[in-house]
Amino acid sequence: MSSAPHAGTVEIFKARTNAWFAWLSWAVAALGIVVTAVTAGPAALAGTAPLLLVAFLGWQLFWMPAVVVHDGGVTLENPFRSIHVPWEALVHVDTRFALTLVTARKSYVAWAAPAPGIWGGRNARPEDLRGLPATTYGPGQSVRPGDLKSTDSGQAARLVRERWHGLVESGELAAGDAATTPVKVTYRWAAAAVVVLLLAASYWSVAAR
């Protein structure tokens, strides 16, 4: 997560399935390390870099990503970068492939909120279509599969749209600021370095066998 503090009410969305994938990767890595230590001895632990890579990627790709909605805007905590989109910079919220924050200059995709795909609407229930923010609905009150309440992208989009709509209705957002309001992107260089080191160590451990 970003270390930057968020003032006021903060809502954090994380995909529930991502947590399962994270725990699965950690379980696989832990089991592999234990089996290695028991069968080959402690000295063999030096060759468990691939398992450590699996465990780290479980955190980096599944546990850490989030959509953080706060008074200052929306922060997308993606695996290798943190993106802060102020409310003034937001132009549109899309869910075609994943929750996507569209600004006047660029679009930013949330790793933590993927859309379900074209078949995602087949199991939609009537309650999944009701009570959504007004900007969710298209022509004829149509709703994209990615906007359904039962989907990851839909849940995250609803949090963003409701807060954004409230700010617009209260007059707290000034018109015409979208093109001039900057979006802050912070790269996770330390995480990238860890992945590179573990990849190199994994290659070395396999090649040395």
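**Entry 1: the open sheet.** I looked up the sheet first and found three strands in the order β5-β6-β7, open, with antiparallel pairing. Two strands count as paired if DSSP finds at least two bridges between them. Helices (H or I, at least four residues) and strands (E, at least two) are DSSP runs, numbered from the N terminus. The model is predicted: local features need pLDDT of at least 70, side-chain atom pairs count only at pLDDT 80 or more, and totals for chains, interfaces and linings use all residues. Residues are numbered from 1 along each chain as its sequence is written, and side-chain values use heavy atoms, with hydrogens and water left out.

β5 (90-94) and β7 (107-114) are the edge strands; each has a single partner strand, so one side of each lacks a neighbour in the sheet. On average, neighbouring strands are turned by 20 degrees against each other, direction ignored. I counted four bridges in the antiparallel pairing of β5 with β6 (residues 98-103). Val93 has Leu101 in β6 as its bridge partner.

**Entry 2: the helix on the sheet.** I then checked what packs on this sheet. Helix α4 (residues 152-170) does, touching β5, β6 and β7, where contact means heavy atoms within 4.5 Å. The direction of α4 makes about 155 degrees with that of β5. Axes are lines fitted to C-alpha atoms, for helices over the stretch in contact, and angles run from 0 to 180 degrees between N-to-C directions.

**Entry 3: α1 against α2.** Helix α1 (residues 16-40) packs with helix α2 (residues 49-63) at about 170 degrees, the axes being 8 Å apart. The two are therefore roughly antiparallel; the cut-offs are under 35 degrees for roughly parallel, over 145 for roughly antiparallel, 65 to 115 for roughly perpendicular, and oblique for the rest. Residues of α1 in the contact include Trp23, Trp26 and Ile33, and those of α2 include Leu52, Trp59 and Phe62. By class, I noted 16 nonpolar, five polar and no charged residues in the contact of α1 with α2. Nonpolar covers Ala, Val, Leu, Ile, Met, Phe, Trp, Tyr, Cys and Pro; charged covers Asp, Glu, Lys and Arg; the others, Gly among them, are polar.

**Entry 4: β2.** In β2 (residues 66-70), five of five residues are buried, meaning under 20% relative accessible area (exposed is over 50%, partly exposed in between; 1.4 Å probe, protein chains only). Ala66, Val68 and His70 point one way from β2, and Val67 and Val69 the other way. β2 pairs in the antiparallel sense with β1 (residues 11-13) over three bridges, and with β3 (residues 73-78) over five. Glu11 stands opposite Val69, while His70 has Gly73 in β3 as its bridge partner.
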